[in-house]
Amino acid sequence: MGKVIQTLPGFVQSPAVASPARTSFPALLTGCLSPKVCVSREGTVADYGMLAAEDLQVGEVLFTIPRTALLSQYTSSIQALLQEARESLQSQSGWVPLLLALLHEYTTSSSHWQPYFSLWQDFRSLDHPMFWPEEERTRLLQGTGISEAVDKDLVNIHLEYSSIILPFMECHPDIFDPKLHTLELYKELVAFVMAYSFQEPLEEADEDEKGPNPPMMVPVADILNHVANHNANLEYAPKCLQMVTTQPISKGQEIFNTYGQMANWQLLHMYGFAEPYPGNTNDTADIQMVTVRKAALQRAKSEAEQQLVSQQWDFLCQLEMVGEEGAFVLGWDEVLTEEELSMTLKVLCMSEEEFQEYKEQDGWEDDTEEENSILSNEALSRLKHPCKKLLYDSVLLTLESYRSDLKAEQDLLNNEEAYKRLSRREQQALHVRYGQKKILHQLLELIQ
């Protein structure tokens with residue numbers, strides 16, 4: 001079965017009597033771990049994972065976590081300070097209160113969260129692309145969208161630290177010390193929250209009125225690894241959280257949670273890993289919206305036609321169908337931004353007369369046309385020729401943004417010895433690039 005971790009802070013193995021090692025949190029925080037599972041360093045896809053010690057059926061509860069055992073801005077020992085300063089701690093990410101709680105608890109030796117933090121001896125082991133040298137990010141991730149996402153993250157991290165975190169620490173010198181609670185530690189904790197935190201889903205009635213719930217750390221649940229075809233799921237109840245099986249699991253198999261419907265570029269960006277092809281059924285590829293505009297401008301044969309494309313683009317911007325930083329998202333079976341792409345292709349392929357008439361209707365169309373705008377793979381193959389050509393050219397431009405082609409990636413994946421010689425970063429980046437290019441090439445075959 002592999003090397004089993006005996007100490008699970010705050011949890012008791014049910015129904016056995018807990019040993020002192022398993023109750024290192026106060027008794028109030030104690031959770032319950034099924035005897036049918038174990039946490040192991042071996043036989044798992046990452047440093048830690050959970051394995052089935054016995055066969056499991058659908059609907060079995062693997063562990064129960066009382067809400068008092070969650071580490072959040074509401075359970076930290078400085079929760080009163082955070083609540084008092086909540087207005088000044090608002091930020092774009094919404095993570096600042098939790099990050100301040102983590103800064104404090106992680107660096108306080110007497111914190112009762114120390115057994116939890118002991119699972120991560122050094123946050124420097126987190127290998128998110130934000131920690132890669134810029135040259136390496138560019139070389140391995142060009143075209144994937146990850147480098148651009150990381151650049152935005154780093155700007156926001158520096159801004160939050162300098163404009164929110166530092167002023168708060170200066171107001172509480174008895175608790176915080178900028179020499180200890182540094183920007184570098186803050187950045188590592190951001191990656192920690194990215195990789196291991198959970199956000200409780202909103203109730204359906206609250207989705208339109210409330211912003212997302214703040215992130216929180218969920219001991220033990222964050223040990224489970226992710227695959228798209230997961231076999232367990234975290235369920236939320238008023239007093240506790242429970243990990244429940246969603247598929248039968250055989251003895252010795254790893255138990256996987258889901259982090260959501262995540263494309264490989266999102267997994268590498270936020271969690272530091274990607275799923276090898278063809279495992280990630282949620283993988284996507286992006287076509288930047290401005291790339292479609294570029295393709296439309298390239299096919300314009302005169303200055304008048306170029307002006308028409310610019311007018312059409314401005315009109316699409318007014319309709320909020322496109323933007324300078326937006327992207328059309330392609331899945332394996334359909335376009336996930338179907339309305340935006342359908343409208344964009346149609347408008348950019350209009351003649352001047354058609355466009356003027358369409359503008360007079362403010363972009364409205366009848367219900368039949370609306371229904372036909374759903375872009376499944378089958379519908380993509382039936383696009384009108386001008387739309388197909390524009391989309392085809394846009395895909396080719398997108399493929400040019402990568403540093404290598406699909407065949408080079410395929411050859412590398414098929415050569416076991418060459419693949420093994422790659423660094424872990426090179427392997428993960430390869431999985432991201434390859435999945436995206438497969439989706440883009442699949443689209444080329446559909447519309448050629």
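Me: Does Glu-136 count as buried or exposed?
Reply: Buried, because its relative accessibility is 13%. The cut-offs are under 20% relative accessible area for buried and over 50% for exposed, with partly exposed in between (1.4 Å probe, protein chains only). Before we go on, this is a predicted model, in which local features need pLDDT of at least 70 and side-chain atom pairs count only at pLDDT 80 or more, while totals for chains, interfaces and linings use all residues. Residues are numbered from 1 along each chain as its sequence is written, and side-chain values use heavy atoms, with hydrogens and water left out.

Me: Which residue meets Glu-136 in a salt bridge?
Reply: A salt bridge here is a side-chain nitrogen of Lys or Arg within 4 Å of a carboxyl oxygen of Asp or Glu. For Glu-136, the partner is Arg-425, at 2.7 Å from N to O. That pair links distant parts of the chain, with Arg-425 in helix H17 and Glu-136 in helix H4, 289 residues apart. Helices (H or I, at least four residues) and strands (E, at least two) are DSSP runs, numbered from the N terminus.

Me: How many salt bridges does the structure hold?
Reply: There are 16 of them. Take Lys-437 and Glu-409, whose closest N and O atoms are 2.7 Å apart. Lys-437 sits in helix H17 and Glu-409 in helix H15 (residues 406-414), so this salt bridge ties together parts that are 28 residues apart in sequence. Both ends are buried: Lys-437 has a relative accessibility of 1%, and Glu-409 has 2%.

Me: Where do Glu-416 and Lys-420 lie?
Reply: Both are in helix H16 (residues 416-421), four residues apart, or about one turn of the helix. Their side chains form a salt bridge at 3.3 Å, N to O, and Glu-416 and Lys-420 are both exposed. Elsewhere, salt bridges with shared partners join Asp-127, Glu-136, Arg-424 and Arg-425 into one network.

Me: How many residues of H7 are buried?
Reply: Six of the eight are, so H7 is largely enclosed by the rest of the structure. They are Asn-264, Trp-265, Leu-267, Leu-268, His-269 and Tyr-271. The cover over them includes helix H4 (134-141), H5, helix H6 (183-196), S8, strand S12 (285-288) and helix H17 (424-447). Just after H7 comes Gly-272, with a positive phi near 85°.

Me: What does His-269 contact, leaving aside neighbours within four places in sequence?
Reply: Contact means heavy atoms within 4.5 Å. On that basis His-269, which lies in H7 (residues 264-271), is in contact with His-128, Pro-129, Ile-146, Ala-149, Val-150, Asp-153 and Met-194. Its relative accessible area is 11%, so His-269 is buried. The side chains of His-269 and Asp-153 also make a polar contact at 2.4 Å. A polar contact is a pair of N or O atoms within 3.5 Å; within protein, one must be able to donate a hydrogen and the other to accept it, and residues adjacent in sequence count only if both atoms are side-chain atoms.

Me: In what order do the four strands of the open sheet run?
Reply: Strands of a sheet pair through backbone hydrogen bonds, either parallel or antiparallel. Two strands pair if DSSP finds at least two bridges between them. Here the order is S3-S4-S11-S8, and the pairing is mixed. Strand S3 (37-40) and strand S8 (225-226) are the edge strands, each pairing on one side only. S3 and strand S4 (residues 49-52) pair in the antiparallel sense over four bridges, with Val-39 partnered by Met-50 in S4.

Me: Which strands do five bridges join to S10?
Reply: One is strand S5 (residues 61-66), which runs antiparallel to S10; there, Ile-65 has Leu-241 as its bridge partner. Strand S9 (residues 232-236) is also antiparallel to S10, and Leu-234 is partnered by Met-243. S9 and S10 form a hairpin with three residues between them. As for S10 (residues 240-245), five of its six residues are buried.

Me: Which residues touch the most other members of the largest nonpolar core?
Reply: A nonpolar core is a set of buried Ala, Val, Leu, Ile, Met, Phe, Trp, Tyr and Cys residues joined through side-chain atoms within 4.5 Å. The largest has 75 residues, and Met-50, Phe-63, Leu-100, Leu-102, Tyr-186, Phe-192 and Ile-255 touch the most other members. Helix H5 (residues 146-171) gives the most to this core, with ten residues. A second, separate core of 40 residues includes Trp-332, Leu-341, Tyr-402 and Ile-447.
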